[in-house]
Amino acid sequence: MRLTLESTASILAELGNETRLAIVRLLVRAGEDGLTVGAIQRATGVPGSTLSHHLGRLRGVGLVSQTRAGSALRCRADFQRIRATADFLIEECCADVQPPPPHPHSHGPA
């Protein structure tokens, strides 16, 4: 999956919100199983209607998907899209930059 400058900018704009970044972080840490909306709400303390708004924004840029699991709504991070965003930043934004040399480890005063 290759992202465009426009789609990457949209993703980064959504991740620029502290609450949305916290939600993505929580879902990434939850792994492939994801979390229910209720579990996200308990972990973040974000009120239901506000959480719904944030999840909608994250779904809108493809970072989060939702599926119905019985009476619960389960959310999952889209790891492929997250990786594509990181790849875009590294490959497109840093293409002409030489990596810095390794930092020598300090072992105390010489």
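Biologist: What makes a residue a contact of Leu-15, leaving aside its neighbours within four places in sequence, and which residues qualify?
Modeller: Contact means heavy atoms within 4.5 Å. Leu-21, Val-24 and Leu-63 meet that test with Leu-15. This is a predicted model: local features need pLDDT of at least 70, side-chain atom pairs count only at pLDDT 80 or more, and totals for chains, interfaces and linings use all residues. Numbering starts from 1 along each chain as its sequence is written, and side-chain values use heavy atoms, with hydrogens and water left out.

Biologist: Where is Leu-15 found, and how many residues in sequence separate Leu-15 from Leu-58?
Modeller: Leu-15 belongs to helix 1. Its separation from Leu-58 is 43 residues in sequence, yet 8.3 Å in space, C-alpha to C-alpha. For the protein chain, take the contacts with a separation of 6 or more: 59% of them join residues 24 or more positions apart.

Biologist: How do you know what counts as a helix or a strand, and how many of each are in the protein chain?
Modeller: They are DSSP runs, numbered from the N terminus: H or I with at least four residues for helices, E with at least two for strands. By that rule the protein chain has five helices and three strands. Their order from the N terminus is α-α-β-α-α-β-β-α.

Biologist: Why does Arg-20 count as buried or exposed?
Modeller: Buried means under 20% relative accessible area, exposed over 50%, partly exposed in between, with a 1.4 Å probe and protein chains only. Arg-20 has 7% relative accessibility, so it counts as buried. Arg-20 lies in helix 2. Neighbours within four places aside, its contacts are Glu-14, His-53, His-54, Arg-57 and Leu-58. Across the protein chain, 26% of the 110 residues count as buried.

Biologist: Why are helix 1 and helix 5 called roughly perpendicular?
Modeller: Helix 1 (residues 5-15) and helix 5 (residues 79-93) pack at about 115°, with axes 10 Å apart. Axes are lines fitted to C-alpha atoms, for helices over the stretch in contact, and angles run from 0 to 180 degrees between N-to-C directions. Under 35 degrees is roughly parallel, over 145 roughly antiparallel, 65 to 115 roughly perpendicular, the rest oblique. Helix 1 and helix 5 are therefore roughly perpendicular.

Biologist: Which residues of helix 1 and helix 5 meet?
Modeller: Helix 1 brings Leu-5, Ser-7, Thr-8, Ile-11 and Leu-12; helix 5 brings Arg-81, Thr-85, Phe-88 and Leu-89.

Biologist: What makes strands 1 and 3 a pair?
Modeller: Two strands pair if DSSP finds at least two bridges between them. Strand 1 (residues 35-36) and strand 3 (residues 72-77) have two, in the antiparallel sense. Leu-35 is opposite Cys-75 of strand 3. Strand 2 (residues 64-69) is antiparallel to strand 3 as well, with six bridges. There, Arg-68 has Leu-73 of strand 3 as its bridge partner.

Biologist: What links strand 2 and strand 3?
Modeller: They form a hairpin with two residues between them, and Gly-70 in the turn has a positive phi of about 70°.

Biologist: In what order do the three strands form the sheet?
Modeller: The order is 1-3-2, in an open sheet with antiparallel pairing. Strand 1 and strand 2 are at the edges with a single partner strand each, so one side of each has no neighbour in the sheet.

Biologist: Where does helix 2 lie?
Modeller: Helix 2 (residues 18-30) lies across strand 1, strand 2 and strand 3, and runs at about 90° to strand 3.
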